[in-house]
Every structure is written in structure tokens, then in C-alpha cells.
Amino acid sequence: MSRAESLGQNMSGERQPPALYLLFFVEMWERMSFYGMRALLVLYMTAATTAGGFGWSRAEALSIYGWYTGLVYLTPILGGYMADRYLGLRKAITIGATTMMIGHISMAFAGEFAFFLGLGCLILGNGFFKPSMSTLVGSLYQEGDRRRDAAYTIFYVGVNTGAFIAPFISGTLGERVGFHWGFGAAAVGMFLGQVLFLVVGPRLLGDIGKYPRRAAASAANAVKETLSQVEKDRLKVIFSLMIFVVIFWASFEQAGGLMTLYTDTKVDRMLFGWEIPTTWFQSINPVFIMTFGPLFAAMWSWLALRGREPSAPVKFGISLFLMSLGFLCMVFAAQQSETMGKASVLWIVASYLLQTWAELCLSPVGLSMVNRLAPARFATVIMGIWYLSNAVANKLAGFIGGFAETLGEAQLFGAISATAFTASMVLLFVLAKPLRRWMHGLG
């Protein structure tokens, strides 16, 4: 029995469908490619031209990073609509994966044209791939199947297994050999995932996700004509929580931009006389996800058996509170680097640990919640709309990170911490109860 299968049995008490483990590994390779490129992106843009980069300023690099990561989560609305209406989930995944692979190959070549062409392909391809893959996981289960939440946590471990591998492969190649070698390695990861999906998928998935959902003429008409009051209430929960998801991801995505630049220049990375590559710090969060993901799933299951599992809105509130503590650690790090020249690496590790716990209370919980609450006939479109909050948040993250040079890192980290704390209090003490009522028993 594989680690993923063992994880699935331990979390739910029942075997998961074999197709889940296929999707686990396909997502793992796709995320390896995405996070490998992500670990290098701002370093590549800010590196001197003599070092193989573009020599752009931190503000310019973070702005482009924000546009890229924002648009990556905007295109899933289009991709989700195309999958539901015309393509089917599996064909949309193949189109998305192929387009992303072309993007990584383009970035393996020098020059601004190849760079922006690559980013464009990644943005477009992700729009087809991401909502379709998330919806396909939920499609393996019938309504009310208690294995679904555990399945999304297993799937999320796959995401972070790829994110863990990425900095050691693409990041190390990019920093030590050449940036374009790192981008090329990301293309290989994408290729492996797609081959696995095309070869093994037909046998394990059968007809699941093969055909588009043509029941309604369009998502807009379906919403207008057929939504019951219960469905409307449940959609209100999704859209309300998207506001708080924006705050969460705008904070969390500092890891790929501002925190990467801060770690590169103001953190003591020496270990026994050897300097830890900056990109390797991007593996801290995935390691913690793989370590604590099963524990969080077991904790939710243990609480559920006793009728004490928090609702999704409460979990979101806890998530934002933990995020505020994570950035409080960064305030202490910034104060230390201001007075002593370099901050201790322990502050960075502590911040990533708290951010990981926050992520486990929000990201897989949110995917599972959307899959439960969204009407099945246009579930992929709703999943794409859910990712719209990530789009706004990622662009906002780049905009916020650009203020570090004018405000100072300690002040900016403190503002992020205070915002997350305020949002957590609003959710926990004002909105949690009415939102749970609107979920009509699917909390």
C-alpha cells in the first residue's frame, strides 16, 4: 500500500477510489512545475543582466509577479465555463497541461519575448487545468459521501509534495546552473504529469469527467431559472467567504514575493559554514503541509464524531488568526535585521509553520466546501469563480509587497498581521453563525 493510500484509509476509515491517487500524482507533477517556476520568478527578474536576469527593480518585479499570479487565478472562470459547457473536465485538463508545458519551455529560452510568452501560456493553461482538476476530485464521490473531505486533504498533500520537490530541482538548477535550466526542469514535471493522466486515466476514471455538462444552456440562465432558495443561500456563503479568502491569500502570497526577497538579503542563511539557497525556503511550507495535513484531517474527523467539528466559517476565522501570528513573527524578524543586520532563520521557520496551519484551516476546507455547496450542474464554473478571490489576492499581494521599500518591512508585516487579526475577529464573532445557517446542514 502506498503512502497516499495509507493516508486515505487512516483519514476516513474507508478506502478511497483508486482514481484519487492518480489525480494525487498528476497534481503533484503539475505543482512541481508551477512552484519550481514560482521559486525563481522574482529572483530571475531582479538578478543583474550579467547574472542572467533582467536587472529590474524589486517594485517592478513584484508588480509583474502580482499580475502573473493574479491572472493565473482569474482565467479559471473561463476555463471552468468551457469545461462545463463544451469540453468536459478531462479534455480541459489536457488542454491546460499542454499549454502550461509550452509556457515552461518558452521560459527556458532567454529574452523578454520568450519570458512574457511563457507567462501568458501558464496563465491561460492554468485556467483550464486548475478548476477542472479540483472539480474532478469531487466528481469521484456521490452527494453525502463522508470520504470527500479526507479526499481533498489527500489531494492537497499531493499539491504540496510537488511544491516540496520543486525548489530542490528547479530552484537549485536555476540558482546554481542557470535560470533557464530551472524553467526547463519545470516543463519536464508538467510533461510527466500529463503522460500519467493520459495513460492511466481512462482505465481508472471510466466516464467520470469525460463529457461536458450540457443540462443548461448557460451558467447564467441556469442560475436565473433553476436555483432554489437553499441553493441561493449556499452560494451567498461562498461569495461572502471569498472576501476573507482575498485577505488570507494576499497575506500568504508574500511568501513567493516579498518574503523571498527578504530572506535572500536580510536573513542569516548560513548553516555550518554553508549558505542555504534562497529558493529552498519555498520547501518549508510543503514539508509542514505533508507533516500536519494528516493530523489536521484526523483532528477534524475526531471532532466530527463527537459533534464538535467547527463549521467552515469558523475554520476560516481560525485560519486568519493563525496568519496574523505568522506575520507577527515577521515583525520580530524585521526588527532584528534592522538592529543586527541579519534576522535569525528561526523567525522565518516559525512564520511558515503558523502560515501552514492557517492554510490547512482554509484551503482544502474551502475546496471541499465549494464542492459541497455549489449546484452540481455548474460546479466547475463556481470553482472558477472561487479562484477569482485568489486572482484578486495575488495581484493585491504584489501591490502590497511593493510598499516594503517605502514603509519598511517591520511596518508592512505589522499591517498585514493587524488586518488578518481584524478579519478573523469579524468572522468568528459576527458572521460565523449566520453563514452556517445559510449552509443548510452542509457546514
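Which helices each supply at least two residues of the lining of the second largest cavity? The structure examined here is a predicted model, in which local features need pLDDT of at least 70 and side-chain atom pairs count only at pLDDT 80 or more, while totals for chains, interfaces and linings use all residues. Residues are numbered from 1 along each chain as its sequence is written, and side-chain values use heavy atoms, with hydrogens and water left out.

The helices in question are α2, α7, α12 (284-305) and α14; helices here are DSSP runs of H or I with at least four residues, numbered from the N terminus. The second largest cavity has a volume of about 130 Å³. A cavity is a set of points, on a 1 Å grid over the protein atoms alone, where a 1.4 Å probe fits but cannot get out, and its lining residues have an atom within 4 Å of a point. Volume is the space filled by probe spheres set on the points, which are joined across faces, edges and corners. Of the 14 lining residues, Tyr35, Arg38, Gln282, Asn285 and Pro286 lie nearest the centre of this cavity. Eight of the lining residues are nonpolar, four polar and two charged (Ala, Val, Leu, Ile, Met, Phe, Trp, Tyr, Cys and Pro count as nonpolar, Asp, Glu, Lys and Arg as charged, and the others, Gly among them, as polar).

The whole structure holds five cavities of 30 Å³ or more, and the largest encloses about 290 Å³. Its lining has 23 residues, with Tyr73, Lys130, Tyr156, Ser363 and Tyr387 nearest the centre. Helix α14 gives the largest share of this lining, five residues. By class, the lining of the largest cavity comprises 14 nonpolar, four polar and five charged residues.

Turning to the interior, the largest nonpolar core contains 131 residues, and those with the most contacts inside it include Leu41, Tyr68, Met369 and Trp386. Such a core is a set of buried Ala, Val, Leu, Ile, Met, Phe, Trp, Tyr and Cys residues joined through side-chain atoms within 4.5 Å; buried means under 20% relative accessible area with a 1.4 Å probe, protein chains only. Helix α2 provides the largest share of this core, 16 residues.

Tyr68 is also one of the buried residues of helix α3, alongside others including Leu62 and Tyr65. Helix α3 spans residues 58-72, and its buried residues pack against α2 (18-46), α4 (76-87), α6 (112-139), α11 (258-266) and α15 (379-401), a contact being heavy atoms within 4.5 Å.

Terms used. The expected span of a helix is 1.5 Å times one less than its number of residues. Buried means under 20% relative accessible area, exposed over 50%, partly exposed in between (1.4 Å probe, protein chains only). On a 1 Å grid over the protein atoms alone, a cavity is a set of points where a 1.4 Å probe fits but cannot get out, and a pocket is an open set with protein on both sides within 12 Å along at least five of seven lines; lining residues have an atom within 4 Å of a point.
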